[in-house]
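I opened my notebook to look up the empty spaces in this model and one residue in a loop. The entries follow in the order in which I made them.

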Amino acid sequence: MKTGQQCDIRACGWTLVELIVTLAILALLLGLSFSGVQRVRATAARVACQSRIGQVAMACHSYHARSSFLPVGQQYGPRPYNVSDSTLSIRSTWPLALLNDLEQSNLATQFETLERTGSMIHLPPFEPIWSRHIAILRCPNDSRDVGESSAFATYPTRFGLNNYLGNAGTGLVANDGMFHRDRRVSLINVTDGTSSTLLFGERPSFESGARSAWYPTHADTVSFIMPVNPVYASAGSESSGCTPEPSVFESGHTASPCHAYHYWSLHSGGANFAFADGHVSFLRYSAATILPALATRNGGESVMPD
């Protein structure tokens, strides 16, 4: 063929069918490559999340080694220095109590100094603390650092977010989990075995910013601790205008307040949980049926996650 001479597909050695097949193969290879990259990224995000959860679990053990108890899940009533503040509302949370063990000693000192002034902890002097982003309390695939909330009618604010909810067993007042209102739990009370008892688990923050803070911004229980009791979950969902049916361990979405009432994650197929012995496991949603048994510390069940 002379230089510059054009040819049709057949003259150049290609048929139309061959061209279509070649393009289809290329498209398939690109799709497989993209899918592989997505799987690698998802796996990396899950592993990074597990690493952070493991560090928080070790912080719980450090606190326990120092005091012989885990921190209170939520502390109600006046804190030690707020003698003039007798309003029944949250005064501490287990993430707040762990600041020193999470390498946030400066923040803990700042909080204690302000608290000694007698100022209530939901007033503006404490805003530099409640607005602080603490990376270790966030799963890397939940990208927001701070959320906005109207939890304070007088002081709309931004606050640091939290992805991990303490295991409250089968109910807030059942006292059979690891974190409860105004109760401290010791690891020696975990008679079901620390390797088969949940310590805390994942739940993403919500687009509205509600139920997602690590700091006691308001008396919203499911910001900090979560029971697996369907009765409690149903009552909570009804109060949020959701369908009055039990919430279970299943996938959800961040735009719906209904999904505040159960553990789930932005990972595919399940969520990460820390256990009382400090190890971290990824539980698939198929484990929903055994989650109540894993949540109790002294129920006498003999169950292990897959």
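I first noted the classes: Ala, Val, Leu, Ile, Met, Phe, Trp, Tyr, Cys and Pro count as nonpolar, Asp, Glu, Lys and Arg as charged, and the others, Gly among them, as polar. The model is predicted, so local features need pLDDT of at least 70 and side-chain atom pairs pLDDT 80 or more, while totals for chains, interfaces and linings use all residues. Residues are numbered from 1 along each chain as its sequence is written, and side-chain values use heavy atoms, without hydrogens and water.

**Pocket.** I looked up the second largest pocket and found about 200 Å³ of space (a volume is the space filled by probe spheres set on the points of a 1 Å grid, joined across faces, edges and corners). A pocket is an open set of points with protein on both sides within 12 Å along at least five of seven lines, and lining residues have an atom within 4 Å of a point. Of its 11 lining residues, A42, T43, R46, H267 and S268 are the closest to its centre. I sorted the lining into 4 nonpolar, 4 polar and 3 charged residues. The helix α1 gives the most, 5 residues (helices are DSSP runs of H or I, at least four residues).

**Loop residue.** D101 sits in the loop between α2 (94-97) and α3 (105-115). Is D101 buried or exposed? I count D101 as buried because its relative accessibility is 16% (buried means under 20%, exposed over 50%, with a 1.4 Å probe and protein chains only). Its side chain joins that of S62 in a polar contact of 2.9 Å (N or O atoms within 3.5 Å, one able to donate a hydrogen and the other to accept it; residues adjacent in sequence count only if both atoms are side-chain atoms).

Notes. Helix = DSSP H or I, 4+ residues; strand = E, 2+ residues; numbered from the N terminus. 1 Å grid on protein atoms, 1.4 Å probe; cavity = no way out; pocket = protein on both sides within 12 Å on 5 of 7 lines; lining within 4 Å.
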